[in-house]
Amino acid sequence: MQNSKLFKDWGLFLKGMDPGSIELSFANHLEYSLSKDQYTATMRDLYHSLALTIRDRLVERWIRTQQSYYDEDVKRVYYLSAEYLMGRAVVNNMINLGMYEATRKAIDNVHIDIEDIIAEEPDMGLGNGGLGRLAACFLDSMATLELPACGYGIRYEFGIFDQYIRGMKQVEKPEQWLQYGNPWEIARPERRQTVKFYGRAEEIVGPDGELKVEWKDAEKVVGIPYDTPIGGFGNNTVNTLRLWSARSSREFKLHFFQDGDYLKAVEEKNISENISKVLYPNDQFYEGKELRLKQQYFFVSCSIQDIVRRYRTCHDTFDAFPDKTAIQMNDTHPSLAVPELMRILVDDHGLTWDAAWDITVRTCAYTNHTLLAEALEKWSIALMEKLLPRHLMIIYEINRRFLRDVSVIFIKDEDRLRRMSLIEEAGEKKIRMSHLALVGSHSVNGVAELHTRLLKHGVLKDFFEMYPERFTNKTNGVTPRRWLLASNPGLARLIARQIGQGWATDLDELRKIEPMADDADFRQAWTGVKFNNKEALVQVVQDITRLTVNPSSIFDIQVKRIHEYKRQLLNILHVVYCWLKLKENNGFDIYPRTFFFGGKAAPGYVMAKRIIQLICHVAAAINRDRTTRDALQVVFLPNYRVSLAEKIFPAADISEQISTAGYEASGTSNMKFSLNGALTVGTLDGANIEIMEEVGEENIFIFGLSSEEVKAMGADYNPRRYYEEDPILKTAIDLIRNGFFSPDQQDLFHPLVDGLLTTDQYRIMADFAAYHQCHMDVDALYRDHERWVRKSILNVARIGKFSSDRTIREYNRDVWKVEPLTITKEEKPAAGAPSAS
């Protein structure tokens, strides 16, 4: 190529990691990419320029990574997830590229505060909670571990809604993260895929006399991929997150427009684009259910077609497909990958059913994330038949063959056949998507030891008895790059001064700081870092809520999705209880404490939204009480998201992990809090148990019923007994029910209280006394501050197991079996191959 020297010279400029090169690149992007100068540039322009400057340095590695994967014909992991809660990318990418300090210096040289630029970046909030954040951590770890991998999902135009508190209640507004463009992504329209919906499946006899099925009269939607680079830490690997955006196959009907029917001219375009418009449309009505199923199939079909296309660039047959492809389904949302891969192999490529099924099962793996019945997705047969007629045929055939296998292994067990069937026959017939994912996979895993045990011996017991070899546990983890190195730089520097920075890729290295817990100077420095982080959060609270918070108080924090089983209701009821004890019992004293709450309720989840109302009403009342204000404050932080979490975790003293035992699959906020030195108040649920085993029972506050005890309580459970036996608890509940906290709508909280005193499904009343005693233990320990700091240090030192790097290593060892590939700095000679994207 004649221009190779030009490209090489330009590449050297792009690769410059010193402050001068970064400053020049930043200025060039401002002028030539955005057409702005120092007089017209807004802070948003400066953010875009900085993002493009960082992206330049990712792109060169990105191209080399993808070409190396192609040249080496590596096996790749394809991670299918409906959610990716990525957060902001600027700081994370700077750290992973090793250009953080040089970039800060470059921006400082032009007299701009880089923190103002960083704050301009919108959160990439394409997720609802832990599921999406876990997917983001996994992508980071896969790149850091040099695993050939690609994430697939949906490029929602509007991600998780922005939450506002108006009139003491949650108000949802669209999150317009794409309003000003996304500088990290690159559109790949040349890799578009076509997806079919509706129509009919018709059996025909082919020219060879074989019976075939054709999907006819289908409506078509086009999926346009947008690629985001995912850089590994301290290496040259840059993997891809490919998100699909829906477009009409016929964008514009000119004849309608010319006739004056302007709406009809773009009707098909608008209907098609609705598919990728909003994360989790409300499915309380039929149209919402149909749109959600469309979303799931849209991204699955685009992704599976893309995976097959990439494989076919190097292979003429599908014999090696499972040896080159590992598809991981993140929960049940992508479970249509099983029938879709079967459809492509059988209908499009002419494989026999048995050959296609063998390939599908050896390729696919499924992660279960829930024990809640309502979260184990089921789709009505009628809806599936209307929307995806060919897939319903395939699912029926999978089920027929599967039930025959069951009947052979478990002879004359008709009830087992009914329980294990992919089709739920009772009432409206539905497809059990978790069963489909499990039957079509060679591996199924839970995400914490307790969760996996409950799956094996509870929800999926029948399947475990049939396929014991398929079940494994993969306890979740979090990336230490974002959740310590980036979000808590003060603590990261303190640790690095003692033991270096090897812990960023081997979190077990933190064990080396354990002896420092007995060093008075180190404890003092540790306390100073925590106080600085608390002061930073105080400023955030002031900016968002205008409340003034005491940084010397205990920061007691519960931030997570609002759900009844997560028991924010237990927490706020206990706050009222403590407030009443302060007012009514002269001998009761607590160390000053600020209770923080944060989290979003699903728009259609009435009880969760009412819990938010209760928290806000209680906060308003208690915070105005000058007799207790110095001892107790309550803060609800609206619009909880990744960038806000990065301020919260480093400042926390107490991490509230209080779900009813047996309901939380794992949790990951418990890990992030511990990694940042908070002590856990928690139940024996999810990963809390494993955290307790790692940090030591003496360094965690465990209370309440076990999952076995919760299950054993059964129908004889009487929550009203606890109400009658504790007069202060009775008063607290009566105040809530009688409208003391909501004088303008005195019956507002009747449903919450009535639930507590009748069924109390999540055993709040049974656990209340133990929860209160646990907090008294917290209070006593915090007063002995040296002991408290020792325990804080030990929590961090012993949290190494909960790195997402460890989780991904286990997935790869047991499920994917992908060989890591080190990407060298030197460019490899081009192989003259097709584009490796």
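**Group meeting: loops, strands and one buried aspartate**

Hi everyone, let's start in a loop: Ser35 lies in the one between α2 (19-33) and α3 (43-72). Before I go on, please keep in mind that this is a predicted model.

What is the sign of phi at Ser35? It is positive, near 55 degrees, and this in a residue other than glycine. As for the surroundings, Ser35 has a relative accessible area of 60%. The cut-off for exposed is over 50%, so Ser35 counts as exposed.

Now please scroll along to His111, which sits in the loop between α5 (100-109) and α6 (114-120). Here too we have a residue that is not a glycine with a positive phi, in this case about 60 degrees. Is His111 buried or exposed? Its relative accessibility is 76%, so it is exposed.

Next, a hairpin. Strand β5 (residues 162-166) and strand β6 (residues 169-173) run antiparallel, and five bridges join them. If you'd like one pair to look for on your screen, find Tyr164, whose bridge partner in β6 is Val171. Two residues lie between β5 and β6, and in that turn you will find Gly167, with a positive phi of about 60 degrees.

While we are on strands, a quick reminder: strands of a sheet pair through backbone hydrogen bonds, either parallel or antiparallel.

With that in mind, let's move to a sheet. Which order do its three strands take? The order is β15-β17-β16; the sheet is open and its pairing is antiparallel. At the edges are β15 (378-380) and β16 (423-424), each of which pairs on one side only. Looking at β15 and strand β17 (residues 430-432), we see three bridges in the antiparallel sense. To find your way there, take Ser380 and look across to Lys430 in β17, which stands opposite.

My last stop is Asp556, in strand β20 (residues 554-559). How accessible is Asp556? Its relative accessible area is 0%, which means that it is buried. And what does Asp556 touch, once we leave out residues up to four places away in sequence? There is a run of neighbours here: Arg593, Thr594, Phe595 and Phe596 are among them. Asp556 also touches Ile654, Glu656 and His775.

So, to recap the two ends of this tour: we began with Ser35, which is exposed, and we finished with Asp556, which is buried. Thanks for listening, and do shout if you'd like to look at any of these spots together!

Note on methods
Residues numbered from 1 in each chain as written. Predicted model: local features only at pLDDT ≥ 70, side-chain atom pairs only at ≥ 80, totals over all residues. Heavy atoms only, no water. Helix = DSSP H or I, 4+ residues; strand = E, 2+ residues; numbered from the N terminus. Buried < 20%, exposed > 50% of the residue type's maximum accessible area, 1.4 Å probe, protein only. Contact = heavy atoms within 4.5 Å. Pairing = 2+ DSSP bridges.
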